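This briefing goes through the aromatic contacts, the pockets and the overall fold of one protein chain. Please keep the sequence and the structure in view while reading.

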Amino acid sequence: TQKIIDFIFERAKTNPNYLKNPKNLADFAPFLIQITPNSDLARYLYQTLLALNADLTTYSPDLLFHIAELTQNTDLWYSSAKKLATYAPQIAQKLLVQYAKDNRKTDFYNLAQKLFDTDAQTHAEFLSQYVQLTDYPKLYKQIWLYLSEQAVYQNNFSVFDKLMPILLDTEIDDYLTKFAVQNPTKYTQMLVHLKRYDDVLEYRVWIDPQSGG
């Protein structure tokens with residue numbers, strides 16, 4: 001395999017400008033990933049790339065991430081994972097977990113907020129496992145408000161037991177009022193779950209004055 005790697009990069013060795021075009025290495029990246037399944041081969045490949053004195057930023061982030069994972073190169077892993085995170089949800093989540101492990105709170109928050117803002121449907125459930133109320137109260141509320149709305153339509157009201165204690169009274173009222181307008185049945189079910197029976201009666205009289213008689 002090392003001979004194959006050497007052969008692939010012969011052109012780069014004779015033409016220093018070859019790898020300045022990111023596409024040239026990108027074309028080889030899937031094959032290089034396939035032939036370097038272990039840390040020794042990945043390390044040899046990385047050393048070969050470094051020996052070319054080419055700009056690492058031009059290399060395929062998929063290839064660099066592959067090398068970084070196998071060789072446990074933390075700096076390389078972070079730099080390549082950041083690039084992949086922009087279009088690979090699984091890598092983005094993996095990067096977020098690593099930020100949490102390394103206690104890099106600013107990086108964690110920036111990425112977590114970006115993931116939630118761009119694709120809450122994909123990431124909200126995952127984020128709920130890592131975003132803590134004590135560290136990120138605003139985002140924590142956003143996540144659980146979103147998850148609770150999804151749960152309502154699945155007739156799962158237990159999520160409110162986690163949500164309601166962290167909301168202000170005005171936030172709770174605003175949240176419930178939205179459902180009163182959008183879905184009266186769900187709104188009533190929510191009030192019952194929260195044991196706000198007086199509000200249930202008041203609401204029923206409001207939507208049907210004759211029911212109060």
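Y146 is partly exposed, because its relative accessible area is 22%. The model is a predicted one. Y146 belongs to helix α10, takes part in an aromatic pair with F116, and also lines the second largest pocket.

**Aromatic pairs**

- The chain holds 9 aromatic pairs.
- Y109 and Y136 make a stacked pair, because their ring planes lie at 10 degrees, with 5.9 Å between the centres; stacked requires planes under 30 degrees apart.
- This pair of Y109 and Y136 links distant parts of the chain, 27 residues apart. Y109 is in helix α8 (residues 105–118), and Y136 is in the loop between α9 (120–127) and α10 (137–152).
- Y109 has a relative accessible area of 27%, so it is partly exposed.
- Y136 has a relative accessible area of 9%, so it is buried; the cut-off for buried is under 20%.
- F116 and Y146 pair edge-to-face, with 90 degrees between the planes and 6.1 Å centre to centre.
- The pair of F116 and Y146 also links distant parts of the chain: F116 is in helix α8 and Y146 in helix α10, 30 residues apart.
- F116 is buried, because its relative accessible area is 10%.

**Ring cluster and a charge over a ring**

- F65, W77, Y78 and Y99 are joined into a cluster by ring pairs.
- Y78 has a further partner in R104, whose charged end sits over the Y78 ring, 4.1 Å from the ring centre.

**Largest pocket**

- The largest pocket contains about 270 Å³ of space.
- It is lined by 17 residues, and those closest to its centre are A85, T86, L111, K114 and L115.
- Helices α6 (74–85), α7 (89–101) and α8 each give at least two residues to this lining.
- Helix α8 supplies the largest share of the lining, 6 residues.
- By class, the lining of the largest pocket has 9 nonpolar, 4 polar and 4 charged residues.

**Second largest pocket**

- The second largest pocket contains about 220 Å³ of space.
- Its lining includes A120, Q121, A124 and E125, as well as W144, Y146, L147, Q150 and A151. Q154, N156 and V159 also belong to the lining.
- The elements that give two or more residues to this lining are α9 and α10.
- Helix α10 gives the most, with 5 residues.
- The lining of the second largest pocket divides into 7 nonpolar, 4 polar and 1 charged residues.

**Overall fold**

- Which secondary structure elements does the protein have, and how many of each? There are 14 helices and 0 strands.
- Along the sequence the pattern is therefore written with helices alone, as α-α-α-α-α-α-α-α-α-α-α-α-α-α.
- Of the 213 residues of the protein, 40% count as buried. F116 and Y136 are buried.
- Among contacts between residues at least 6 apart in sequence, 46% join residues at least 24 apart.

How values were computed
Residues numbered from 1 in each chain as written. Predicted model: local features only at pLDDT ≥ 70, side-chain atom pairs only at ≥ 80, totals over all residues. Heavy atoms only, no water. Phe/Tyr/Trp six-rings, centres within 6.5 Å; stacked < 30°, edge-to-face > 60°. Helix = DSSP H or I, 4+ residues; strand = E, 2+ residues; numbered from the N terminus. Buried < 20%, exposed > 50% of the residue type's maximum accessible area, 1.4 Å probe, protein only. Lys NZ or Arg CZ within 6 Å of the ring centre and 35° of its normal. 1 Å grid on protein atoms, 1.4 Å probe; cavity = no way out; pocket = protein on both sides within 12 Å on 5 of 7 lines; lining within 4 Å. Points joined across faces, edges and corners; volume = space filled by probe spheres on them. Nonpolar A, V, L, I, M, F, W, Y, C, P; charged D, E, K, R; others polar. Contact = heavy atoms within 4.5 Å.
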